[in-house]
Every structure is written in structure tokens, then in C-alpha cells.
Amino acid sequence: MAEKKNLLVLDTVTRRLASIVNHLGASSQYDHPSLSSTSRNDSYKHVHGDVPSHDVVWRVIASDTDSDKEFTDIIYEKAVGEGIAKININRPERRNAFRPNTVKELIRAFNDARHDSSIGVVILTGKGTKAFCSGGDQALRIADGYSDNKDIGSLNVLDLQVY
């Protein structure tokens, strides 16, 4: 009975390991004969085709089409013909901490990407090497939210509702 249970566990482990190896697309030097039962026919390349090797051309979107307000705290780009949008929080001097204007620009950029039928993926990242985003800019923190020093406005939790 114990031998049968051990074989069942070994079979389960082998199948799971084969699934991981197949998912990672390990090269043939790492393939193990016992893992060959998993077909390579369902690999990424078979399902999705060849991964393009050309350089992606990014087009900077200076402002959204609805308000025509220029983006100052973010860099919003779209890859030409790729279906990808990229939003960079562009405040590396503050470790990409957001302020009311940053949040408003993020909402505008995400809305633009959502309404663009050619976009299927949005990459959210931050400029610089020290932080993706450190959260809210504490220099602008007030009792009931954040207030921007440049008369851009204040922000509280109710402002974050996305339509």
C-alpha cells in the first residue's frame, strides 16, 4: 500500500515538474527523459507565434484627448502597432511619490488606454532606479488628504473613484 502511495506521489511530482519545465521552456540540455511525456506542442511559441525581435517604437502621448492638459507628473507612451501602453510615474527626485496631480494624470492616462481599442496591455512603472513609487508625497500631506502647493488642488479618498 505504501509503495502504491509513493508511486502516486512520484507521478504527481513528475507531472507538476514537467508542467513547470514546459512553462519555462527549458532548453534541451536540462530536459529529463521522464519529463518528455508533456508535449511541447502547447508551448508559448505554438500558442502565440514567434516573439517579435524588432525594436519597439514608442510614441509619447503629451496630453489626453478629452482635456488637452499636458502630462507633467507622468510619461504616457503607446507602442506603435503593438497594442501596448506604458505609463511612467515621472517624479524620481521624490522617489515617484504621487501627489494630487499625479493621481489625476494617472486616471486620465488609464482612461485613455481603456477607451483605445488597440491597447491590450498597460505597463505601469516609475522613472529612476531608487523606487517604483513610494506612495503619497508626505510633503503635501494635510489632515484630510493631500494638498498640492501649485494650486492643482487637493485629493482625498473620494476623489479616487474611477468612472
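These legends describe close-up views of a predicted model.

**Figure 1. Overall fold of the predicted protein, with 3 helices and 7 strands.** Read along the sequence, the order of elements is α-α-β-β-β-α-β-β-β-β. The protein has 163 residues, and 28% of them count as buried. Its exposed surface comes to about 11700 Å². Carbon and sulfur atoms supply 54% of that surface. Contacts between residues at least 6 apart in sequence were also sorted by separation, and 52% of these join residues at least 24 apart.

**Figure 2. Strand β3 and its two pairing partners, β2 and β4.** Strand β3 covers residues 84-89. Of its 6 residues, 5 are buried, so the strand is largely enclosed by the rest of the structure. Strand β2, residues 74-79, pairs with β3 in the antiparallel sense over 5 bridges. Strand β4, residues 121-126, pairs with β3 in the parallel sense over 6 bridges. Two positions help to locate these pairings. Ile-75 stands opposite Asn-88 in β3. Ile-89 has Gly-126 of β4 as its bridge partner.

**Figure 3. The hairpin of β2 and β3.** The hairpin has 4 residues between the strands. Gly-81 takes a positive phi near 70° in this hairpin. Beyond the turn, the chain continues into β3, where 5 of the 6 residues are buried.

**Figure 4. The loop between β3 and α3, with Arg-95 and Asn-96.** Most residues other than glycine have a negative phi. Arg-95 has a positive phi, near 55°. Asn-96 also has a positive phi, near 60°. Their exposure can be read alongside these angles. Arg-95 is partly exposed, with a relative accessible area of 42%. Asn-96 counts as buried, at 0% relative accessibility.

**Figure 5. Arg-91 and its contacts.** Arg-91 lies in the loop between β3 and α3, the helix of residues 100-115. With a relative accessible area of 7%, Arg-91 falls under the 20% cut-off and is therefore buried. Residues up to four places away in sequence are not counted in the contacts that follow. Arg-91 touches Asn-96, Ala-97, Phe-98, Arg-99 and Thr-102, and also Asp-73 and Asp-137. Among these contacts, Asn-96 is a loop residue, whereas Thr-102 belongs to helix α3.

**Figure 6. Thr-102 in helix α3.** Thr-102 has 0% relative accessibility and counts as buried. Leaving aside neighbours within four places in sequence, Thr-102 is in contact with Asp-73, Ile-74, Ile-89, Arg-91 and Ala-97. One of these, Ile-89, is the residue bridged to Gly-126 in β4. Another, Arg-91, is itself buried. Thr-102 and Gly-136 are 34 residues apart in sequence. Their C-alpha atoms are 9.7 Å apart in space.

**Figure 7. The largest pocket and its lining.** Rolling a probe the size of a water molecule over the atoms shows where empty space is left. The largest pocket holds about 170 Å³ of space. Its lining includes Asp-64, Thr-65, Asp-66 and Ser-67. Arg-108, Asn-111, Asp-112, His-115 and Asp-116 also line the pocket. By residue class, the lining has no nonpolar, 4 polar and 5 charged residues. Among the charged residues of the lining are Asp-64 and Arg-108.

Notes:
Residues are numbered from 1 along each chain as its sequence is written. This is a predicted model: local features need pLDDT of at least 70, side-chain atom pairs count only at pLDDT 80 or more; totals for chains, interfaces and linings use all residues. Side-chain values use heavy atoms; hydrogens and water are left out. On a 1 Å grid over the protein atoms alone, a cavity is a set of points where a 1.4 Å probe fits but cannot get out, and a pocket is an open set with protein on both sides within 12 Å along at least five of seven lines; lining residues have an atom within 4 Å of a point. Grid points are joined across faces, edges and corners, and a volume is the space filled by probe spheres set on the points. Buried means under 20% relative accessible area, exposed over 50%, partly exposed in between (1.4 Å probe, protein chains only). Contact means heavy atoms within 4.5 Å. Accessible areas come from the Shrake-Rupley method with a 1.4 Å probe; for residues, only the protein chains shown count as cover. Two strands pair if DSSP finds at least two bridges between them.
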